[in-house]
Amino acid sequence: MKCPVCSAAMVEEDFGGVKVDVCRQGCKGIWFDWMELEKLDENNEGCGKALKEALNWQRVNDEGRPPVDCPKCGLPMHIHIYKSSKEINVDECYKCGGFFLDSGELKLIRDNTMTDEELEVYAESLMSDVPEFGKAQQDLVKMKRRNDAIRNYTRFLRASYYITGR
Ligand SMILES: [Zn+2]
Ligand SMILES: [Zn+2]
């Protein structure tokens with residue numbers, strides 16, 4: 001798979017049970033398949049040398065980096081703040097549910113978790129700013145029910161509670 005930002009070849013790595021693709025030769029961005037990032041977004045989860053190393057990479061993101069296309073689907077990805085993190089912009093593909101993180105963003109996500117109140121305010125603003133976001137989340141929930149292969153079910157439901165308003 002090619003890095004959506006710099007086009008270097010990405011290599012598969014294992015962050016302690018979480019499979020990712022890393023742009024090791026290029027910008028050091030990290031690709032997470034659908035639900036893989038969820039497993040890593042809180043402190044003390046995941047392990048291993050590769051993850052430790054990735055958490056030490058410097059942040060290179062350019063807030064102004066233009067949107068990129070999903071390396072899996074080829075569709076434009078959407079830049080938004082990651083669900084529970086302050087001011088960390090991630091790229092999400094609404095089709096396959098994958099995330100691309102620029103170098104350094106994984107650490108920022110783990111270091112900057114929102115409180116429940118902040119999360120609620122943020123989710124509401126996201127719903128009104130980006131109408132397709134709510135729809136996309138609902139589609140993913142449906143896909144998930146069919147799939148039934150997800151471990152972090154309760155945490156995902158909690159996040160989607162705010163997003164879908166159920
Ligand atoms: Zn890259
Ligand atoms: Zn995609």
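1. Of the 166 residues in the chain, 46% are buried. The structure under review is a predicted model, and the values below should be read with that in mind.

2. The accessible surface of the chain amounts to about 8,700 Å². Carbon and sulfur atoms contribute 51% of that surface.

3. The secondary structure consists of five helices and six strands. Their order along the sequence is β-β-β-α-β-β-β-α-α-α-α. A student tracing the chain will thus meet three strands, a helix, three further strands and then four helices.

4. Contacts between residues separated by 6 or more positions were also examined. Within that set, 57% join residues that lie 24 or more positions apart in the chain.

5. Which residues hold the zinc ion (ligand 1)? The protein donors are the SG atoms of Cys3, Cys6, Cys23 and Cys27, at 2.2 to 2.4 Å from the zinc ion. The spacing of these donor residues in the sequence is C-x2-C-x16-C-x3-C.

6. The geometry of the zinc ion (ligand 1) site is tetrahedral, with angles of 94 to 121° among the four donor atoms. The site is classed in this way because all angles of its four donors fall between 85 and 135 degrees. For comparison, the ideal angle for four tetrahedral donors at a metal is 109.5 degrees.

7. Are the donors Cys3 and Cys6 buried or partly exposed? Cys3 has a relative accessibility of 3% and is therefore buried, the limit for that class being under 20%. Cys6, at 34% relative accessibility, is partly exposed.

Technical notes: Residues are numbered from 1 along each chain as its sequence is written. Chains are lettered from A and ligands numbered from 1 in the order in which they are written. This is a predicted model: local features need pLDDT of at least 70, side-chain atom pairs count only at pLDDT 80 or more; totals for chains, interfaces and linings use all residues. Side-chain values use heavy atoms; hydrogens and water are left out. Helices (H or I, at least four residues) and strands (E, at least two) are DSSP runs, numbered from the N terminus. Buried means under 20% relative accessible area, exposed over 50%, partly exposed in between (1.4 Å probe, protein chains only). Contact means heavy atoms within 4.5 Å. Accessible areas come from the Shrake-Rupley method with a 1.4 Å probe; for residues, only the protein chains shown count as cover. Donors are N, O and S atoms within 2.8 Å of the metal (3.2 Å for Na, K and Ca); water is not among the atoms, so sites may look incomplete. Four donors count as tetrahedral if all angles lie between 85 and 135 degrees; four count as square planar and six as octahedral if opposite donors are over 155 degrees apart and all others between 65 and 115; anything else is irregular.
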